[in-house]
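Got your viewer open and a selection box ready? Let's take a short walk through this one, stop by stop.

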Amino acid sequence: MRGFEKLDFENLATPSYVVSADLLEENLKKLADVERRSGAEILLALKGFSAYSTFPLVRKYLRGTTSSGINEALLAREYFGGEIHVYNPAFTEGEVSRLAEFAHTIVFNSQAQLDKFADFARGRAKASGNAGLEIGLRVNPQYAEVETQIYNPCAGGSRLGARRDTLRADAAKKIDMLHFHAMCEQNSDVLERVLSHFEDKFADMIPQVKTANFGGGHHITRADYDVERLVKIVRGFYARHPNIEKIYLEPGEAIALNAGIFATRVLEIVQNDAQIAILDCSATCHMPDVLEMPYRPQIVGAGNPGQKAHTYSLAGRSCLAGDRIGDYSFDAPLKEGDILIFTDMAHYTMVKTTTFNGVNLPDIAYWNDALGKMEFIKKFGYEDFKSRL
Ligand SMILES: *Cc1c(COP(=O)(O)O)cnc(C)c1O
């Protein structure tokens with residue numbers, strides 16, 4: 001398997017997430033190339049991928065991160081450094097006070113948050129030697145093409161980003177950056193359409209700021225992503241708005257796309273209406289997007305139900321009735337101890353795990369195929385479960 005040629009799967013402890021340094025670096029090279037050609041700066045959105053043992057590699061290519069709040073920002077400060085951007089729908093005063101000491105940009109979400117904290121944050125920043133702190137405002141372009149409503153920041157009633165009609169005429173005076181995030185796993189044609197709505201709705205504010213952030217959801221490292229078009233869009237924005245000194249993109253998923261696997265083993269086969277394979281993992285605890293999104297993850301060597309000779313319903317070991325991954329077929333019957341490899345499991349997995357039911361957390365491993373070496377491995381047990389309760 002690409003990125004894992006030298007890995008001894010037979011002896012791999014399960015369940016475990018294994019990130020490939022080689023595959024991660026391939027993604028990072030593509031992103032660095034986009035930066036070079038477009039003039040945009042790309043930030044890692046920690047929400048999607050925060051396995052900090054990989055940060056020394058990520059740091060070679062990207063200059064900064066974006067956080068969803070204080071804890072991710074503290075992780076960024078401790079393990080990544082560089083530019084630390086942070087956004088939250090509603091900060092507390094204590095958080096703003098702390099973030100102002102070290103953040104590069106704090107992005108507020110509403111006129112009320114700006115009124116409450118923009119001057120306060122600048123004052124705190126100056127007092128603590130971080131006078132360069134920039135203030136951003138997340139706005140809602142009121143246009144998105146995200147079909148899954150729980151992932152659509154522009155859905156009716158959304159709290160994410162200020163609509164133009166909720167902002168005072170002078171709102172742009174308090175800020176350095178306009179930020180929008182309205183995409184999810186999408187190509188650059190979608191960005192083009194979202195951007196034109198943003199430019200239309202915020203036409204009076206864009207000339208007053210010096211940076212713009214086009215958010216995440218750009219699936220830049222996907223094979224069919226139109227990079228040329230992205231480069232054109234970014235350059236076009238710079239050309240239309242000469243006051244804009246820097247454009248940021250902040251993808252999470254694209255950084256770790258297809259860069260990691262989730263290895264799990266068959267514990268037991270039970271026969272009810274169907275043949276059910278109970279795995280040593282759990283959809284709800286270890287890959288919740290399978291249930292939330294929902295989506296069907298790929299398994300190496302498996303097919304759709306009925307496509308190969310032996311079909312199984314794959315299920316997790318929690319007691320949630322719906323802890324089911326889906327139906328898959330295999331060339332040979334599954335048996336206890338067989339290893340199954342889910343692909344594309346580095347993003348939105350480790351960052352979302354729970355210990356519901358006391359199900360153990362998977363190992364996190366970082367594999368360097370070029371060296372044939374596990375660079376890092378983290379294991380969890382009872383203490384981790386207990387410490388959260
Ligand atoms: C989730 C999120 C991102 C990253 O999104 P991806 O889909 O992982 O690229 C970036 N910015 C904001 C504000 C987000 O909420």
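Start by selecting Ala263 and Ile341: Ile341, in strand E14, is the bridge partner of Ala263. Keep in mind as you click around that this is a predicted model.

Now widen the selection to the two strands. Show E10, residues 260-271, together with E14, residues 339-342. Four bridges join the pair, and the strands run antiparallel.

Stay on E10 and add strand E1, residues 16-20. Here too the two strands run antiparallel, with four bridges between E1 and E10. For a landmark, pick Tyr17 and look across: Phe262 in E10 stands opposite.

What joins E10 to E11? Follow the chain out of E10 and you'll go through three residues of a hairpin into E11. Strand E11 covers residues 275-279, and five bridges tie it to E10 in an antiparallel arrangement. Select Ile269 and Ala277 to see one matched pair, with Ala277 sitting on the E11 side.

Next, a couple of backbone oddities. Go to the segment before E1, where you'll find Pro15. The peptide bond between Thr14 and Pro15 is cis, with omega at about -5°. Then jump to Met293 and Pro294, which are also linked by a cis peptide bond, this one with omega near -20°. Pro294 belongs to the loop between helix H10 (289-292) and strand E12 (310-315).

One more backbone stop: Glu185. Check its phi, which is positive at about 55° even though the residue is not a glycine. To get your bearings, look in the loop that runs between strand E7 (177-179) and helix H6 (188-201).

Now for the ligand. Turn on a surface and you'll find the ligand in the largest pocket. Which residues should you select around it? Pick Ala45, Lys47, Arg138, His179, His181, Gly216, Gly217, Glu250, Pro251, Gly252, Glu253 and Tyr348. Color that shell by class and you get three nonpolar, five polar and four charged residues.

Zoom in on the polar contacts. From the side chain of Lys47, an N or O atom is 2.8 Å from a ligand oxygen. Move over to Gly252, where a polar backbone atom is 2.9 Å from an oxygen atom of the ligand. Then click on Glu253: a backbone N or O atom of this residue also lies 2.9 Å from a ligand oxygen. As for burial, the ligand on its own has 390 Å² of accessible area, and the protein covers 89% of that.

To finish, keep the ligand on screen with Lys47, Gly252 and Glu253 as sticks; each has an atom paired with a ligand oxygen, through the side chain for Lys47 and through the backbone for Gly252 and Glu253.

Note on methods. Residues numbered from 1 in each chain as written. Predicted model: local features only at pLDDT ≥ 70, side-chain atom pairs only at ≥ 80, totals over all residues. Heavy atoms only, no water. Near = heavy atom within 4 Å. Polar contact = N/O pair within 3.5 Å; in protein donor to acceptor, adjacent residues only side chain to side chain. Areas by Shrake-Rupley, 256 points an atom, 1.4 Å probe, with all protein chains shown as cover. 1 Å grid on protein atoms, 1.4 Å probe; cavity = no way out; pocket = protein on both sides within 12 Å on 5 of 7 lines; lining within 4 Å. Sits in = over half its atoms within 2 Å of the grid points. Nonpolar A, V, L, I, M, F, W, Y, C, P; charged D, E, K, R; others polar. Pairing = 2+ DSSP bridges.
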